[in-house]
Amino acid sequence: MKILAIETATTWQSVAILDENGVLAQHGEEAGGAHSAVLLPTIDRLLTQSRVQLHELSGLICSAGPGSFTGIRVGLATGLGLRAATGLPLVLVPTLEAMAWNVDSTMPVCPLLPSRRGEVYWAIFRRGVDGCIERVLGEQVGTEQAFVQSLHEPTLVYGAGWAAMAPEIHDRLITAGMVRVGSDQLFSPSAVSVARVGMSRLQRGEVAGEVVAPLYVQRAEADIQYEQSGGLSSVARRQIRVERKTAERLARGRKRSRA
């Protein structure tokens, strides 16, 4: 099984190609708001680096949010475009769940990401006796105080949302013994973690249907405006562009194979 995993839910963009034995190629970079410009070239480069052809992939896995509205739309639309052009199954993985998968702790774990409105996204997970990640509290968005009120036992916290909180909140929670802070390497979402969660779902046949929606938790203003105007959404527009470019790439590959 070879899969392509895409993580664009934050300004840190991560792409990876894996099989059941490990990582074949991966790349992470600070993309800012330029996901749409750098994502496809990164995918092309990693396919070449890993010597994997699109038709050799078993599936596509995308981080579905919550996080940056723009990043999520670009990643999801790219996955949808690749699916349409190749027929590969697509698996969607909640971003915070993928971040929780990275942590092996007996404590509950709480990854946090910043929200664009000065709030934070968070969810709380616990690793079960079978090694699987279980939700203690589903995806939330709210103020720093709402996050504090959701903690009911000592919890491992990490992520850019935690880093962005006021220092006095950090001090109060740490002093009270309510939180332990995870290492810096846990602060950015990773396509490898997205892949690990998604591969299990792919093996179980838990793939995305025809109707796909990002996990925004709160709705993007741009999407509301598009619905009101009857226009084509940004996800749909990018899906069409990616589908066209991927079809052209596959056609070039077939021509080289026949030559």
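Helix H1, formed by residues 35-50 of this predicted model, contains 16 residues and runs 22 Å from its first C-alpha to its last. That span is close to the 22 Å expected at a rise of 1.5 Å a residue. The buried residues of H1 are His35, Leu39, Leu40, Thr42, Ile43, Leu46, Leu47 and Ser50. Because these residues cover an arc of only 160 degrees around the axis, they fall on the same side of the helix. On the other side of H1, the exposed residues include Ala37, Thr48 and Gln49. Just after the helix comes arginine 51, which adopts a positive phi of about 60 degrees.

Threonine 246 offers a view of another helix, H9, which comprises residues 234-258. With a relative accessible area of 4%, threonine 246 lies well under the 20% cut-off and therefore counts as buried. A polar atom of its side chain is 2.8 Å from the backbone oxygen of valine 242. Once neighbours within four places in sequence are left aside, threonine 246 is in contact with Leu54, Leu82, Ala85 and Thr86.

Proline 214, by comparison, is found in a loop, namely the one between helix H7 (191-203) and helix H8 (221-229). Its contacts, again leaving aside neighbours within four places in sequence, are with Ala64, Ile72 and Leu76. Phenylalanine 125 is 89 residues away from proline 214 along the chain, and the C-alpha atoms of the two are separated by 20 Å.

It is helpful to place these local views within the whole chain. The chain holds nine helices and 10 strands. Its C-alpha trace spans about 70 × 45 × 30 Å along the principal axes. The radius of gyration is 19 Å, which agrees with the value near 18 Å for a compact globule of 259 residues.

Burial and contacts can be followed at the level of the chain too. Of the 259 residues, 49% count as buried. Among contacts between residues at least 6 apart in sequence, 68% join residues at least 24 apart. The accessible surface comes to about 12200 Å², and carbon and sulfur atoms account for 50% of that area.

How values were computed: Residues numbered from 1 in each chain as written. Predicted model: local features only at pLDDT ≥ 70, side-chain atom pairs only at ≥ 80, totals over all residues. Heavy atoms only, no water. Helix = DSSP H or I, 4+ residues; strand = E, 2+ residues; numbered from the N terminus. Contact = heavy atoms within 4.5 Å. Expected span 1.5 Å × (residues − 1). Buried < 20%, exposed > 50% of the residue type's maximum accessible area, 1.4 Å probe, protein only. Arc of directions from axis to C-beta. Polar contact = N/O pair within 3.5 Å; in protein donor to acceptor, adjacent residues only side chain to side chain. Rg over C-alpha atoms; globule rule 2.2 N^0.38 Å. Areas by Shrake-Rupley, 256 points an atom, 1.4 Å probe, with all protein chains shown as cover.
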